[in-house]
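Morning, everyone. I have one structure to show you today, so let me put it on the screen.

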Amino acid sequence: MKLKGCIFDLDGVIVDTARYHFMAWKRLADQLKIHFTEDNNERLKGVSRMDSLDIILEIGDMRLSEELRKEYANLKNRWYIEYVSRMTPDEILPGSLEFINELKGVGIKVAIGSASKNTSLILERVGMNNLFDAIADGNTITRAKPDPEIFLTAAKMLGIEPERCAVFEDAVAGVQAALNAGMICIGVGSHNILTEAHSVISGLNMINLKKLEKIAKISGL
Ligand code: BG6
Ligand code: MG
């Protein structure tokens, strides 16, 4: 097997935190009297905290000073932390633990590549803080997906060449980041949205080592 490492996005791949992001952004939008829907929330997937706020302000046709933008982003994050602090291991998405342990069992290294600055807190809450060989998160990098920085950093931390890594991603920008890093990308979600991925699965409960080997081979690895 030429594949040596697997890098997982966190939000939407390992845990379903999108609803907590939505609850916190919605609370802020309500306060600002901006009409923000679950459909709008799709646009925030994989997008950094400040860029997410800017999308919401754009929806409300509202412009704010740099200082107020920072203040509101911090407020949203305080609410978000309040929600994720109550998470339990039950919120790990189906198949995640089984698949990651299967990979580790055959010596494939596993890493997190997430834009979230709350990665450590979430991993700790769901009891996954000692599972990964490397964690690259929003505190490690400066350029957001689709820039490949986050995945290249994760591969470097694992000590594996990018072309020997596979990425699991639920966001379009994340899929592009993986491809920009020269990695194999398995989209987690819908075929209709993650059109550029090498392969798409509905969740980590739909993959195992054998299937991954097949995808890697077809994708030229
Ligand atoms: C990504 C999420 O993983 O992290 C985005 O998909 C989120 O919705 C981004 O905005 C940043 O997260 P945080 O926790 O640092 O605000
Ligand atoms: Mg995601």
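I will go through the ligand site, then the metal site, then two backbone details. One caution before that: this is a predicted model.

Start with ligand 1. Where does it sit? Ligand 1 is in the largest pocket. How many residues surround it? There are 15, and the closest are Asp11, Val47, Ser116, Lys117 and Asn118. By type, that shell splits into four nonpolar, seven polar and four charged residues.

Now the polar contacts. I have three for you, each to an oxygen atom of ligand 1. Take Ser116, one of the closest residues. An N or O atom in the Ser116 side chain is 2.7 Å from a ligand oxygen. Next, Arg49. A polar atom of the Arg49 side chain lies 2.8 Å from an oxygen of ligand 1. Then Gly46. Here the backbone does the work: a polar backbone atom of Gly46 is 2.8 Å from a ligand oxygen. And how much of the ligand is covered? On its own, ligand 1 has 390 Å² of accessible area, and the protein covers 96% of that.

Next, the metal. Ligand 2 is a magnesium ion. Which residues coordinate it? Asp9 and Asp170 each give an OD atom, while Asp11 gives its O atom. The distances run from 2.0 to 2.2 Å. Asp11 should sound familiar: it is also among the residues closest to ligand 1. Along the sequence, the donor spacing reads D-x1-D-x158-D. Look at where the two ends of that pattern sit. Asp9 is in the loop between strand S1 (5-8) and helix H1 (18-31), and Asp170 is in the loop between strand S4 (165-169) and helix H8 (172-180), so this pair ties together parts that are 161 residues apart in sequence.

Last, the backbone. Lys145 and Pro146 are joined by a cis peptide bond, with omega at about 15°. Pro146 belongs to the loop between strand S3 (134-136) and helix H7 (149-158). The other detail is Lys33. Its phi is positive, near 60°, and this is not a glycine. Lys33 is in the loop between H1 and helix H2 (38-41).

That is my tour. Over to you for questions.

Methods. Residues numbered from 1 in each chain as written. Chains lettered and ligands numbered in written order. Predicted model: local features only at pLDDT ≥ 70, side-chain atom pairs only at ≥ 80, totals over all residues. Heavy atoms only, no water. Near = heavy atom within 4 Å. Polar contact = N/O pair within 3.5 Å; in protein donor to acceptor, adjacent residues only side chain to side chain. Areas by Shrake-Rupley, 256 points an atom, 1.4 Å probe, with all protein chains shown as cover. 1 Å grid on protein atoms, 1.4 Å probe; cavity = no way out; pocket = protein on both sides within 12 Å on 5 of 7 lines; lining within 4 Å. Sits in = over half its atoms within 2 Å of the grid points. Nonpolar A, V, L, I, M, F, W, Y, C, P; charged D, E, K, R; others polar. Donors = N, O, S within 2.8 Å, 3.2 Å for Na, K, Ca; no water. Helix = DSSP H or I, 4+ residues; strand = E, 2+ residues; numbered from the N terminus.
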